[in-house]
Amino acid sequence: MKPNREPRPATSVMADVWRLIPEVAKACYIDRSWIWYCGPSLQGEANRATRETLSSLGFRFAPKGHVMQDGVTRGSWSHSCDKPLRRIFKKGVGGNNLQSNEQAEASVESILAGCDL
């Protein structure tokens with residue numbers, strides 16, 4: 001089990017993604033407090049380095065994916081930024097407690113608007 005990660009602002013996370021894997025950054029979107037990668041599949045040996053980089057930045061793979069607010073776009077890798085999941089473990093019951101936020105979906109450009117790259 002991975003330990004809980006430290007909260008980071010979306011601008012900091014996206015700055016790291018732009019610096020390390022810019023081709024992935026172009027396909028990232030914000031849904032509430034989360035950053036989602038919504039690009040082509042990263043399966044296969046050719047994308048191993050990309051997957052490892054995403055993982056090292058704090059992204060996690062979502063096997064079932066996540067549908068963005070437009071109802072069409074599906075994200076497969078996510079980062080919870082400054083709203084990490086609280087891990088609550090009860091005997092015999094698993095799950096996470098996610099606090100909802102009404103922030104609208106945004107593009108990468110709006111995330112990095114105030115960032116110097």
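Here's a quick briefing on the cores, the aromatic pairing, the hairpin and one buried histidine in this structure. Keep in mind that the model is predicted. The largest nonpolar core has 17 residues, and apart from it lies another core, of 5 residues. A search of the whole structure also turns up 2 aromatic pairs.

**The largest core**

- Among the 17 residues of the largest nonpolar core, the ones touching the most other members are Val17, Val24, Ile35, Tyr37, Leu54 and Phe59.
- Helix H1 (10–20), helix H2 (22–25), strand E1 (28–31) and strand E2 (34–37) each chip in at least two residues of this core.
- H1 gives the largest share, with 3 residues.
- As general background, nonpolar side chains in soluble globular proteins tend to be buried together.

**Val24 and Leu54**

- Setting aside residues up to four places away in sequence, Val24 touches Val17, Tyr37, Thr50 and Leu54.
- Leu54 sits in helix H3 (residues 48–56).
- Leu54 counts as buried because its relative accessible area is 0%, and the cut-off for buried is under 20%.
- Leaving out neighbours within four places in sequence, Leu54 is in contact with Ile21, Val24, Leu42, Phe59 and Trp77.
- Leu54 and Asp16 are 38 residues apart in sequence, with their C-alpha atoms 9.8 Å apart in space.

**The other core and its aromatic pair**

- Which residues turn up in the core of 5 residues? Trp34, Trp36, Ala62 and Met68 are among them.
- Trp34 and Trp36 make a stacked aromatic pair, at 6.1 Å centre to centre and with 20° between the planes.
- That pair of values is the usual sort of description, since a pair of aromatic rings is described by the distance of the centres and the angle of the planes.
- Are the two tryptophans, Trp34 and Trp36, buried or exposed? Trp34 counts as buried because its relative accessibility is 13%, and Trp36 is buried too, with a relative accessible area of 8%.
- Ala62 is part of strand E3 (residues 60–67), and a relative accessible area of 15% makes Ala62 buried.
- Not counting residues up to four places away in sequence, Ala62 touches Trp36 and Ser76.
- Ala62 and Ser78 are 16 residues apart in sequence, and 7.2 Å separates them in space, C-alpha to C-alpha.

**The E1–E2 hairpin**

- How do E1 and E2 run, parallel or antiparallel? They run antiparallel, and 4 bridges join them.
- One of the bridge partnerships links Cys28 to Tyr37 in E2.
- Tyr37 also appears among the core residues that touch the most other members, and Val24 is one of the residues in touch with Tyr37.
- Between the two strands of the hairpin there are 2 residues, and Arg32 takes a positive phi near 60°.

**His79**

- His79 belongs to strand E4 (residues 74–79).
- Why does His79 count as buried? Because its relative accessibility is 1%.
- What does the side chain of His79 reach at 3.1 Å? That would be the backbone oxygen of Leu57.
- A polar atom of the His79 side chain also lies 2.8 Å from the backbone nitrogen of Cys81.

How values were computed:
Residues are numbered from 1 along each chain as its sequence is written. This is a predicted model: local features need pLDDT of at least 70, side-chain atom pairs count only at pLDDT 80 or more; totals for chains, interfaces and linings use all residues. Side-chain values use heavy atoms; hydrogens and water are left out. Buried means under 20% relative accessible area, exposed over 50%, partly exposed in between (1.4 Å probe, protein chains only). A polar contact is a pair of N or O atoms within 3.5 Å; within protein, one must be able to donate a hydrogen and the other to accept it, and residues adjacent in sequence count only if both atoms are side-chain atoms. A nonpolar core is a set of buried Ala, Val, Leu, Ile, Met, Phe, Trp, Tyr and Cys residues joined through side-chain atoms within 4.5 Å. Contact means heavy atoms within 4.5 Å. Rings of Phe, Tyr and Trp (its six-membered ring) pair if their centres lie within 6.5 Å; planes under 30 degrees apart count as stacked, over 60 as edge-to-face and the rest as tilted. Two strands pair if DSSP finds at least two bridges between them.
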